[in-house]
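Me: Please take a close look at the charged side-chain pairs in this model. Then set them against the sheets and helices around them.

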Amino acid sequence: MADKNSDPVVVIGLGRFGTAIALELVRRGTEVLAVDSRPKIAQSLAGRITQIATADATDIEVLRQLGVPDFYRAVVAIGGDLEASILTTALLAELEIDDIWAKAVSEQHGQILRRIGAHHVVFPEHDMGERVAHLVSGRMLDYMQVDENFALVKTRPPKEYIGIPLGRSSLRKKYGVTIVAVKSEGEEFTYATAETELVYSDVVLVSGRTEDVERFADLP
């Protein structure tokens, strides 16, 4: 069976979000067909993306001519034009693309995209706003929402866990979180073990329910 993760990807819409996705995919060695209706955008990215087409993605015949039905995975990164976003997603579903990702600007927009065939809907502005809010409001160095009520946080260890082997700390029992990895000053992240002892300059990755990791990250 072919490895679908290595298949080329079509990215439709080259705003900031679509451009970032296309360039990162190319950086990782994935072939990308990028489609945008604005010639200036396509010109500005020439030579940086595998293939760029200036075309109207709301026309199914245009999509066929570009070979889009041959792609396993597609990203609809159109945000500002809701009609174009919805129509393009519907056409990709009609072309039976196996894995459709679509950007939504609101929950209602996302619901429509799901109903017409998007397999994955992302809310980049909302997700980034939520992440930054967590970073601004506490001691977190980074924050990632893994699931609806589960998060991974990068933070400094609280004072009460300095110099104590994690296996003897009762951390999970007391706070409901797990220290997954530790980064000592000047070194790379390594997996935490029961014998790991933290120091003030360490950075830790902590996983758990969102409210639990938030509470842990706020400990002095």
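Reply: A helix, as the word is used here, is a DSSP run of H or I with at least four residues, and helices are numbered from the N terminus. The model is predicted.

Helix α3 covers residues 60–65. Arg64 and Glu61 are three residues apart in α3, so about one helical turn separates them. Their side chains meet in a salt bridge, with 2.8 Å from N to O. Arg64 has a relative accessible area of 40% and is partly exposed because the buried class ends at 20% and the exposed class starts over 50%. Glu61, at 41%, is also partly exposed.

A similar spacing occurs in helix α1 (residues 16–27), where Glu24 and Arg27 lie three residues apart, about one turn of the helix. The salt bridge between the side chains of Glu24 and Arg27 has an N to O distance of 2.6 Å. Glu24 is partly exposed at 32% relative accessible area, whereas Arg27 counts as exposed at 62%.

Another pair is Glu107 and Arg114, whose side chains form a salt bridge at 3.5 Å, N to O. Glu107 is partly exposed, with 44% relative accessibility, and Arg114 is partly exposed with 41%. Elsewhere, Arg209, Glu211, Asp212 and Arg215 are joined into one network by salt bridges that share partners. With the cut-off at 4 Å between the side-chain nitrogen and the carboxyl oxygen, the count is nine salt bridges. Side chains of opposite charge can pair when their charged atoms come close.

Now the surroundings of α1. An open sheet of six strands, paired in parallel, has the order β3-β2-β1-β4-β5-β6. Its edges are β3 (51–54) and β6 (120–122); each has a single partner strand, so one side of each has no neighbour in the sheet. From one strand to the next the twist averages 15°. Helix α1 packs on this sheet and touches β1 (9–12), β2, β4 (73–76), β5 (99–103) and β6, with its direction at about 160° to that of β1. Four bridges pair β2 with β3 in the parallel sense, and Ala34 stands opposite Ile52 in β3.

One acidic residue of this sheet is buried. Asp36 is in strand β2 (residues 32–36) and has a relative accessible area of 4%, which means that it falls in the buried class. A polar atom of the Asp36 side chain lies 2.7 Å from the backbone nitrogen of Leu14. Beyond its neighbours within four places in sequence, Asp36 has contacts that include Gly13, Leu14, Ile41 and Thr54.

The network residues lead to a second sheet. Strand β11 spans residues 203–209 and helix α8 spans 210–217. Helix α8 lies across β7, β8 (150–155), β9 and β11, and runs at about 145° to β11. The sheet is open, with five strands in the order β7-β8-β11-β9-β10 and antiparallel pairing. At its edges stand β7 (142–147) and β10 (189–191), each with a single partner strand, so one side of each lacks a neighbour in the sheet. Neighbouring strands are turned by 25° against each other on average, direction ignored. Between β9 (residues 177–183) and β10, which run antiparallel, there are three bridges. Lys183 has Phe189 in β10 as its bridge partner.

Notes. Residues numbered from 1 in each chain as written. Predicted model: local features only at pLDDT ≥ 70, side-chain atom pairs only at ≥ 80, totals over all residues. Heavy atoms only, no water. Pairing = 2+ DSSP bridges. Helix = DSSP H or I, 4+ residues; strand = E, 2+ residues; numbered from the N terminus. Axes fitted to C-alpha atoms, helices over the stretch in contact; angles between N-to-C directions. Contact = heavy atoms within 4.5 Å. Buried < 20%, exposed > 50% of the residue type's maximum accessible area, 1.4 Å probe, protein only. Polar contact = N/O pair within 3.5 Å; in protein donor to acceptor, adjacent residues only side chain to side chain.
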